[in-house]
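Visitor: I've got a chain on screen and I'd like a tour of its gaps and its packing. Can we go through it together?

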Amino acid sequence: MPWALAKDETKKSRLAAVMNITIVSVGKLKEKYLKQGIDEYAKRLGSYCKFQVIEVPDEKAPENLSDKEMEQVLEKEGERILAKIKDGDVVVAMAIEGDLVSSEQLAKEMDSFALHGKSSMVFVIGGSLGLSPAVKKRADRKISFGRITLPHQLMRLVLTEQIYRAFRI
């Protein structure tokens, strides 16, 4: 039983023992150095939670998209993302217009979800066009780590590190 842990373990480690954390991200990660960084943090996270990254295919699109084509791409990618999310999952969308959060705030929110029986968290990273309105609507929370634009592949590494840091704070 996950709650029957040694007396000297912290509340955070007790809560983490039952956490499932998933990153659902659009596109395949090709850069070896980013894969290595994510793999390192994923290995470290193994001590704190069940962690996985799910990649959904990005929608192929021409270089100069019309508004209608952009909408269609976002919709198709959104459907792929939503197919990976279960009803009981807490969904956190990474969105540039989301609430700015610090590492400490992220840690507190993750603790709060766990304390309230929400043991499965899904962080969502959109493709180069962002996230569909349907995914944003499904999100329980929209957050941002800053107003700068990061490539979605790099954001995957940054987010994985921040999740690890949340367990260490």
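Guide: Sure, and let's settle one term before we start: a pocket here is an open set of grid points with protein on both sides within 12 Å along at least five of seven lines, and its volume is the space filled by probe spheres set on the points. Keep in mind that this is a predicted model.

Visitor: With that in hand, what volume does the largest pocket have?
Guide: The pocket counts as open, and its volume is the space that probe spheres fill when set on its points. For the largest pocket, that comes to about 490 Å³.

Visitor: Which element gives the most to the lining of the largest pocket?
Guide: There are 21 lining residues, with M94, A95, I96, T149 and L150 nearest the centre. By class they come out as eleven nonpolar, eight polar and two charged. Both β3 and α6 supply at least two residues, but the element that gives the most, with four residues, is β3.

Visitor: And the second largest pocket: which residues are the closest to its centre?
Guide: This pocket has a volume of about 210 Å³. Its lining divides into six nonpolar, three polar and four charged residues. Of the 13 residues that line it, the closest to the centre are E59, A61, L65, S128 and L129.

Visitor: Now the enclosed spaces. How much space lies in the second largest cavity?
Guide: A cavity is a place where a 1.4 Å probe fits but cannot get out. Searching the whole structure turns up two cavities of 30 Å³ or more. The space in the second largest of them is about 40 Å³.

Visitor: Which element gives the most to the lining of that second largest cavity?
Guide: The lining is made of V92, L106, E109, M110, F113, M121, F123, R141 and I143. Three elements, α4 (103-115), β4 (120-125) and β5 (141-144), each supply at least two of the lining residues. With four residues, the top contributor is α4.

Visitor: How many residues of that cavity's lining are charged?
Guide: Glu and Arg count as charged, and the lining includes E109 and R141. Seven of the lining residues are nonpolar and none is polar, while the number charged is two.

Visitor: Let's zoom out. What pattern does the chain follow along the sequence?
Guide: The secondary structure comes to six helices and five strands. Read along the sequence, they give the pattern α-β-α-β-α-β-α-β-α-β-α.

Visitor: What share of the residues counts as buried?
Guide: The chain exposes about 9800 Å², with carbon and sulfur atoms supplying 51% of that. To count as buried, a residue needs a relative accessible area under 20%. Of the 169 residues, the share that passes is 43%.

Visitor: Which element gives the most to the largest nonpolar core?
Guide: The core has 30 residues, and those touching the most other members are I21, M110, M121, F123, L159, I163 and F167. At least two core residues come from each of β1 (20-26), α2 (32-45), β3 (90-100), α4, β4 and α6 (152-168). The one that gives the most, with seven residues, is α6.

Visitor: How many residues are in the other core that lies apart from it?
Guide: Among its members are I54, I81, I85 and V122. The size of this other core is 13 residues.

Visitor: Is S103 buried or exposed?
Guide: S103 sits in helix α4 and, leaving out residues up to four places away in sequence, touches Q162, R165 and I169. The cut-off for buried is under 20%. Because its relative accessibility is 17%, S103 counts as buried.

Visitor: And S47, buried or exposed?
Guide: S47 is in the loop between α2 and β2 (50-56). Exposed means over 50% relative accessible area. The value for S47 is 65%, so this residue is exposed.

Visitor: How far apart in space are G27 and E55, C-alpha to C-alpha?
Guide: G27 lies in the loop between β1 and α2 and counts as buried at 6% relative accessibility. Beyond its neighbours within four places in sequence, G27 is in contact with E55, V56, P57, D58 and R156. G27 and E55 are 28 residues apart in sequence, and their C-alpha distance in space is 6.0 Å.

Note on methods. Residues are numbered from 1 along each chain as its sequence is written. This is a predicted model: local features need pLDDT of at least 70, side-chain atom pairs count only at pLDDT 80 or more; totals for chains, interfaces and linings use all residues. Side-chain values use heavy atoms; hydrogens and water are left out. On a 1 Å grid over the protein atoms alone, a cavity is a set of points where a 1.4 Å probe fits but cannot get out, and a pocket is an open set with protein on both sides within 12 Å along at least five of seven lines; lining residues have an atom within 4 Å of a point. Buried means under 20% relative accessible area, exposed over 50%, partly exposed in between (1.4 Å probe, protein chains only). Accessible areas come from the Shrake-Rupley method with a 1.4 Å probe; for residues, only the protein chains shown count as cover. A nonpolar core is a set of buried Ala, Val, Leu, Ile, Met, Phe, Trp, Tyr and Cys residues joined through side-chain atoms within 4.5 Å. Contact means heavy atoms within 4.5 Å.
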